[in-house]
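Reader: Please take me through the ligand site in this model at close range, and then place that site in the rest of the fold. I would like the cut-offs stated as you go.

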Amino acid sequence: MRLSDTILITGASGMIGGALRRILQEGHYTRLLVPSHADLELRDARQVEAYFTKHKPDVVFHLAARVGGIHANNTYPGQFVYDNTVIQANVFEAARKSGVKKLLFPGSACTYPKLAPQPVQEKELMNGPVEPTNIAYAAAKINGIIMAQSYAREYDMNIIIPMPTNTYGVGDNFDPKASHVIPALMRRFHEAKQKSLPEVVIWGSGAPLREFIYVDDIAQIFIFLMQNYDAHDIINAGTMQEISIKDLAAKIAKIVDYSGKISFDATKSDGAPRKMLDSSRLFGLGWKPQVSLSEGLQRMYETHFTRIAA
Ligand code: GDP
């Protein structure tokens with residue numbers, strides 16, 4: 001990837017896309033294409049092909065996807081599988097026809113088997129059943145990974161496939177019905193503090209372990225791989241650090257300065273018991289995370305809540 005390249009980011013209005021756009025701009029990449037949903041309907045193959053023919057991107061970060069937490073995945077599986085399957089197929093095909101030089105397509109930690117040995121190595125993909133609450137999203141992503149690798153092989157395309165662990169940060173989705181655990185809890189603790197509520201309820205047992213990566217770190221990994229990695233084998237992108245949902249809740253409560261009781265609703269699903277990626281291949285290329293969980297949570301809280309509270 002060169003400074004003179006025309007770079008398309010699909011999903012630039014999303015959390016990772018937004019961070020990527022900012023970091024590329026700071027790095028003096030000036031030829032950025034960042035179409036909004038209104039500019040380009042990615043579910044429409046003809047529109048996507050026409051866009052690629054007209055703008056001729058050299059490099060594509062294909063980040064647009066329908067994403068959501070455990071509740072949204074479980075409630076709208078049809079939308080998750082349709083939108084993601086169609087969008088990625090349209091983008092890969094348009095990239096093939098227009099001769100894109102390099103394309104990045106992120107997989108997801110949730111495509112790995114629910115009970116894969118931890119930390120999860122890249123070779124575990126499709127080695128067992130995935131977590132049922134996000135099977136539709138995972139199936140679309142697996143389809144995308146296989147399609148990307150098949151296109152790379154048959155058409156000699158340069159497609160890279162990082163596998164991000166759970167990503168959080170500024171620009172996250174705070175809608176309680178769709179959000180992942182970090183924005184959901186940050187919002188719940190913040191509102192509980194504002195209303196002086198005596199108790200905050202966390203879904204599930206609190207026991208599941210999760211690994212989290214700050215959005216700027218993921219964006220930096222994507223740029224690093226664009227510059228330093230040319231294989232179409234999937235490559236894990238995490239921090240190699242994990243935390244229980246219970247400890248995460250306590251950490252967020254501290255940042256929000258909430259001192260009430262934290263309790264657990266065991267009728268809600270825990271999802272996968274543990275999700276940590278083995279990112280030693282990425283670390284072996286020389287990359288290290290820059291933003292700790294405490295620092296990332298603090299940045300996120302200050303950006304999204306403290307101004308509202310003041
Ligand atoms: P997952 O990593 O795919 O399971 O996605 P989530 O971020 O949605 O959930 C992570 C874990 O946090 C699961 O065990 C959830 O049950 C738990 N959790 C606890 N409270 C909440 C909440 O308010 N919202 C969400 N999304 N998850 C929660």
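Author: A nitrogen atom of the ligand has a backbone N or O atom of Trp203 at 3.1 Å. That counts as a polar contact, meaning a pair of N or O atoms within 3.5 Å; within protein, one must be able to donate a hydrogen and the other to accept it, and residues adjacent in sequence count only if both atoms are side-chain atoms. Ligand oxygen is also met by main chain: a polar backbone atom of Ser269 is 2.7 Å from an oxygen atom of the ligand, and a polar backbone atom of Asp270 is 2.5 Å from an oxygen atom of the ligand. The protein buries 96% of the 530 Å² that the ligand exposes when taken alone; these accessible areas come from the Shrake-Rupley method with a 1.4 Å probe, and for residues only the protein chains shown count as cover.

The model is predicted: local features need pLDDT of at least 70 and side-chain atom pairs count only at pLDDT 80 or more, while totals for chains, interfaces and linings use all residues. Residues are numbered from 1 along each chain as its sequence is written, and side-chain values use heavy atoms, with hydrogens and water left out.

The shell around the ligand holds 18 residues, and the closest are Val181, Arg188, Arg210, Ser269 and Asp270. A residue belongs there if one of its heavy atoms lies within 4 Å of the ligand. By class the shell has eight nonpolar, six polar and four charged residues. Here Ala, Val, Leu, Ile, Met, Phe, Trp, Tyr, Cys and Pro count as nonpolar, Asp, Glu, Lys and Arg as charged, and the others, Gly among them, as polar. Two or more shell residues come from each of α6 (181–194) and β7 (199–203), and α6 gives the most, with four residues. Helices (H or I, at least four residues) and strands (E, at least two) are DSSP runs, numbered from the N terminus.

Helix α6 also contains Phe189. With a relative accessibility of 0%, Phe189 counts as buried; buried means under 20% relative accessible area, exposed over 50%, and partly exposed in between, with a 1.4 Å probe and protein chains only. Leaving aside residues up to four places away in sequence, Phe189 touches Val200, Ile202, Ala249, Ile252, Ala253, Val256, Tyr258 and Ile262, where contact means heavy atoms within 4.5 Å. Between α6 and β7 there is a loop that holds Ser196. Ser196 is exposed, at 60% relative accessibility, and has a positive phi near 50 degrees although it is a residue other than glycine. Most residues other than glycine have a negative phi, and most peptide bonds are trans.

Strand β10 (residues 242–244) contains Ser244, which is buried at 12% relative accessibility. A polar atom of the Ser244 side chain lies 3.0 Å from the backbone nitrogen of Asp247. Beyond residues up to four places away in sequence, Ser244 touches Gly206, Ala207, Pro208 and Leu209.

Now the open sheet. Six strands form it in the order β2-β1-β3-β4-β5-β9, with parallel pairing. The edges are β2 (32–33) and β9 (234–237), each with a single partner strand, so one side of each has no neighbour in the sheet. Two strands pair if DSSP finds at least two bridges between them. Strand β4 (residues 102–104) runs parallel to β5 and is joined to it by two bridges; one pair of bridge partners is Leu104 and Ile160 in β5. Six of the six residues of β5 (residues 159–164) are buried, so this strand is largely enclosed by the rest of the structure. In a regular strand the side chains alternate between the two faces of the sheet. In β5 one side carries Ile159, Ile161 and Met163 and the other Ile160, Pro162 and Pro164, all buried.

Tyr151, in helix α5 (residues 135–155), touches Ile159 of that strand, along with Phe92, Glu93, Arg96, Asp156 and Met157, not counting residues up to four places away in sequence. The side chains of Tyr151 and Glu93 share a polar contact of 2.6 Å. Tyr151 is buried, with a relative accessible area of 13%. In the loop between β4 and α5 lies Pro119, joined to Gln118 by a cis peptide bond with omega about -15 degrees.
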